[in-house]
Every structure is written in structure tokens, then in C-alpha cells.
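Hi,

Here's the structure I promised to pass along. Have a look at it first, and my notes follow underneath.

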Amino acid sequence: MKEYNWKKYKLAVPEWCIPGDSIFGIRMASEMGLDGVQIEAGWPETGFKLSHKRVRDLYVETAGNYNMELISIVMNDLNNHGLRNGRGTKNGDTAYEHLDIALYAAADMGIDTLMIPHFLDNDIHSEQDRENVIAALAYACDEAAKAGIVIAMETAVESDEFIQLAKDVGRENMTLFYDSQNYMCFRGYNPMDHLPKVYPYMCNQLHVKDGIGQAYSSKCLGEGDSHFEEQIAWLKAHEYEGWFVFENYYSQLPLRKEAADPMDLLRKDINKLKAELSK
């Protein structure tokens, strides 16, 4: 069996998927032999942690100490306070505050990708929501472009709907952050009906996780119904280059009950992905 090509692929994990989170997660990811970490912008209840200069500096310092890359900032609180609400609303104003903090932090920390999830309160439910999302993404892209930052939208909407949305935003740095389980979990779609269509819009990072039905991140890679092996084979055949980010929630239920040490589950997923890429 050939080893997968290190020049083409790098491996990362979000800080919220392993025990310890934050700068502890950077060290733990390094000990697993990974190359990078996704970090969280924070939550309004605690003042959005990346708004604090000392916190940003500690992330950069710790990553340097362990030879790790901070590959992207993720704005997970948008699922609670969505940009779809628009400016002038309580949730919308919180979302824009979040966005401005994340944009500033990415530029300050030298991180070139900002991931914007579109689920729950940030999902599109109406034409007004859609207009608000387009306006927010255009604003984010324009601000991000000043620092060479890419905006990566994570979503499970049907591929043609995403492509039209991207065209309506009309910015070169507007991309898709692909996820191997989202289509099946959130919409019941076969991802292979959509991956070939959205592939040209994808950034150089994607999430890999698995599960059964709507049970989000409930199985290790290849043990769920997300068509994991088929997606990896397709990406490999079409010469995807970039980051694979292990977003199974190893330290949370239900997955964590499958091992005494959550890091053993991450290790299992790393080995599975490497095996698929080496075929």
C-alpha cells in the first residue's frame, strides 16, 4: 500500500472536537501527528474570545511552539445568532459583531480562511433571509479581500441553490467549505449527487465525519451512511489538494462512548483516511 501524498494533503482537527479545546487542543493535535487546527471565534456570552489580543497572541505562540498551522477561524455562534436576520435585529447585530471580530482576528493572526456555517438560525428560510445572507456574504468577502482572506460558506443546501447564491454574491473570494456528512445528515441527500457540482467552488479545506441518518457525528469514518469512501475516492481521482479536517466530535456523546480515550477515536479516523487516500 502506498502512503498518501504529504505534498498534496494535510490533516487537521477543529479545537472543539478533542478534549481540552483551545491551546490545549493544539498540543494534543500535534501529539497525534496532525498538521493544523481550526479555531473557534468564540461566543457572545463570554465576549468572543478572539476579540482579546492576548488570546490571539497565545494561539499564534502555541501553534508556533508545536509547529502547527492555524488553518481557519470558524464562527459557530452564527448557528445561534444568524446573519440571515439582517442588521438592525438583535440576532443580526450580534452576528455582525461576531463577523467583524472574526475578520479582524484572521487578519491579525495571519489566518487566510474564515468559515461561515449556515445552519439553524443562520439557515435560509425565506427570500428576505436569502437577501440578508447575500448582503452579509458580500460584506464579508469585501472586508476579507483587503487582507487576502477567503470566505468559506458551510452549508447543506442543494448544489444548484448554493451555486446560484455564490453567483449572486459575486465575489472571487467566496467559496464553499465542504463537509462529508452534511448533505446526508441535514437534508437526506446523497452527497455524490452534489459533490461533482460544487467541487469547483470548494476552498482547500473540508470536513470529514460520519454518522447514521440525522445522528450528527455519531460514527467513525466509514462506519456511517454518508458515503465516506466514495467521496474520498472521487476527491482523490479529481486531484483535490488541501486539508482534510476531522470533525467527528470525539469528546462528545454519542461517539465518545465508543472508546475509553477519545483520542483513540481520532487515531482510528486518521488511519482510515490515510488508508482511503493510499488506495
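Let me start with a helix pair: α8 passes α9 in a right-handed crossing. Keep in mind that this is a predicted model. The two helices are residues 228-237 (α8) and residues 262-277 (α9), and their axes come within 9 Å and cross at roughly 50°. That angle makes α8 oblique to α9. On the α8 side, the contact is made by Phe228, Glu229, Ile232 and Lys236, and they meet Lys272, Leu273, Glu276 and Leu277 of α9. Sorted by class, that contact has 4 nonpolar and 4 charged residues, with no polar ones.

α9 also takes us to the sheet, since you'll find this helix lying across β1 and β10, at about 145° to β10. Those two strands belong to a barrel: 8 strands close up in the order β1-β2-β3-β4-β5-β6-β7-β10, with parallel pairing. On average, neighbouring strands there are turned by 30° against each other, direction ignored. Where β1 (residues 9-14) meets β10 (residues 242-246), the strands run parallel and 4 bridges join them. If you want a spot to click on, Ala12 stands opposite Val245 in β10.

One last residue to look up is Asn122, in the loop between β4 (113-117) and α4 (127-145). Is Asn122 buried or exposed? Its relative accessible area is 0%, so Asn122 counts as buried. Setting aside neighbours within four places in sequence, Asn122 is in contact with Leu78, Asn79, Gly82, Leu83 and Arg84, as well as Ile116 and Pro117.

Cheers

How values were computed. Residues numbered from 1 in each chain as written. Predicted model: local features only at pLDDT ≥ 70, side-chain atom pairs only at ≥ 80, totals over all residues. Heavy atoms only, no water. Axes fitted to C-alpha atoms, helices over the stretch in contact; angles between N-to-C directions. Parallel < 35°, antiparallel > 145°, perpendicular 65-115°, else oblique. Left-handed = near helix turned anticlockwise from the far one by under 90°. Contact = heavy atoms within 4.5 Å. Nonpolar A, V, L, I, M, F, W, Y, C, P; charged D, E, K, R; others polar. Buried < 20%, exposed > 50% of the residue type's maximum accessible area, 1.4 Å probe, protein only. Pairing = 2+ DSSP bridges.
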